[in-house]
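Visitor: I would like to learn how to read the features of a model such as this one. Could we go through it step by step?

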Amino acid sequence: MYKLVVTDLDDTLLRDDKTISDLTRSVFERLRENGIKVAFATGRNWKNALSLVPLDMFDATIAQNGAVTYIGEELINAKYISPEDTLSIMKATVLHGISAVVETPNMTYSFVDLSDSLGWIRNYRIVGEDFWCEDAERILFSHRCESHSWFLENCLPPTVGYIVGRDRYAQIMHHKATKMSGILAVCDYYGLTKDEVVAFGDDTNDISMIEGCGKGIVMRNAIDIVREIADEVCDTNQNDGMARWLIDNILGEI
């Protein structure tokens with residue numbers, strides 16, 4: 001019996017136009033009516049994720065690939081990059097010609113103008129190397145070439161880890177920040193075990209929860225490396241794959 005359903009957002013819960021289908025909404029409502037908790041785990045920052053999905057639809061929310069975990073608006077778990085490591089990494093990005101951004105609980109920062117590399121990021125402050133004094137949730141840059149791979153493999157402190165998704169963005173987090181670490185925090189809060197969790201995803205940042213939960217399901221539109229480690233494959237995000245799997249395997253027909 002699964003007691004917690006965890007879903008990625010983009011290309012999993014959300015359709016390509018970033019909406020949630022009526023079928024998925026009704027499935028989530030019925031899960032919760034039956035005492036089954038529902039959570040999302042996303043690489044997006046928390047506020048950005050909640051611009052796409054309503055908070056009251058979920059019993060828990062995990063953002064920044066597990067750097068922060070919330071129950072409602074209460075932060076129950078955080079794994080931040082230290083100010084010292086953040087400064088060290090950002091100085092290294094400048095030396096290697098990489099335009100990176102730092103996301104903190106309060107603000108987004110960069111040492112450089114991001115219009116040519118991360119132009120979709122609008123609200124950020126450009127600061128100098130003498131600034132750094134905040135914990136960071138994530139450091140992000142556009143992964144464009146082999147030299148960026150070398151940088152990730154050779155220039156980061158051991159206290160951080162990284163993921164490169166299919167969108168080719170490199171995401172650097174605390175080495176213990178994964179979607180699975182967020183799920184374990186939710187399990188502790190609700191008195192559940194990881195074997196009572198079913199997780200749905202499609203990309204590299206979903207691997208920890210696909211492998212770590214009681215059941216790991218990937219979308220048919222998932223990348224190959226994720227499909228290879230899944231317990232099962234469901235239909236695509238466009239075809240309500242997750243909702244239909246939950247109907248077939250947990251809820252029965254609605």
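**Reading salt bridges and sheets**

Guide: At 27% relative accessibility, R15 counts as partly exposed. This is a predicted model, and a salt bridge is a convenient place to begin reading it.

Visitor: Which residue does R15 meet in a salt bridge?

Guide: The partner is D240, with 2.9 Å from N to O between the side chains. R15 sits in the loop between α1 (9–13) and α2 (22–33), and D240 in the loop between β14 and α9 (241–251), so the pair ties together parts that are 225 residues apart in sequence.

Visitor: Is D240 buried or exposed?

Guide: Buried means under 20% relative accessible area. D240 has 8% relative accessibility and therefore counts as buried.

Visitor: How many salt bridges does the structure hold?

Guide: There are 12 salt bridges in the structure. One of them joins R32 to D59, where the closest N and O atoms are 3.1 Å apart. This pair links distant parts of the chain, since R32 belongs to helix α2 and D59 to the loop between α3 (46–49) and β3, 27 residues apart. R32 is partly exposed at 32% relative accessibility, while D59 is buried with a relative accessible area of 14%.

Visitor: Where do R166 and D202 lie?

Guide: R166 is in the loop between β10 (160–164) and β11 (169–174), and D202 is in the loop between β12 and α7 (207–212); the two are 36 residues apart. Their side chains meet in a salt bridge of 2.6 Å, N to O. At 34% relative accessibility R166 counts as partly exposed, and D202 is buried at 2% relative accessible area. Salt bridges that share partners also join D8, K179 and D206 into one network.

Visitor: Now the sheets. What is the strand order in the open sheet of eight strands?

Guide: To read a sheet, list its strands from edge to edge. Here the order is β5-β4-β3-β2-β1-β12-β13-β14, with mixed pairing.

Visitor: Why is one side of β5 and of β14 left without a neighbour in the sheet?

Guide: β5 (74–78) and β14 (232–234) stand at the edges and each has a single partner strand, so one side of each has no neighbour in the sheet. On average, neighbouring strands of this sheet are turned by 20° against each other, direction ignored.

Visitor: How many bridges join β12 to β13?

Guide: Four bridges join them, and the strands run parallel: β12 covers residues 197–201 and β13 residues 215–219. To go down to single residues, follow A199, whose bridge partner in β13 is G216.

Visitor: Which strands does helix α6 lie across?

Guide: Helix α6 (residues 179–190) lies across β1 (4–7), β2 (37–41), β3 (60–63), β4 (68–71), β5 and β12, and runs at about 125° to β5.

Visitor: What is the order in the open sheet of six strands?

Guide: That sheet reads β8-β7-β6-β9-β11-β10, again listed from edge to edge, and its pairing is mixed. Its edge strands, β8 (125–126) and β10, each pair on one side only. Strand β9 (residues 138–142) pairs with β11 in the antiparallel sense over four bridges, and the bridge partner of L140 in β11 is Q171.

Visitor: Which strands do helices α4 and α5 lie across?

Guide: Helix α4 (residues 83–95) lies across β6 (100–103), β7 (108–110), β9, β10 and β11, at about 165° to β6. Helix α5 (residues 146–154) lies across β9, β10 and β11, at about 160° to β9.

How values were computed:
Residues are numbered from 1 along each chain as its sequence is written. This is a predicted model: local features need pLDDT of at least 70, side-chain atom pairs count only at pLDDT 80 or more; totals for chains, interfaces and linings use all residues. Side-chain values use heavy atoms; hydrogens and water are left out. Two strands pair if DSSP finds at least two bridges between them. Axes are lines fitted to C-alpha atoms, for helices over the stretch in contact, and angles run from 0 to 180 degrees between N-to-C directions. Contact means heavy atoms within 4.5 Å. A salt bridge is a side-chain nitrogen of Lys or Arg within 4 Å of a carboxyl oxygen of Asp or Glu. Buried means under 20% relative accessible area, exposed over 50%, partly exposed in between (1.4 Å probe, protein chains only).
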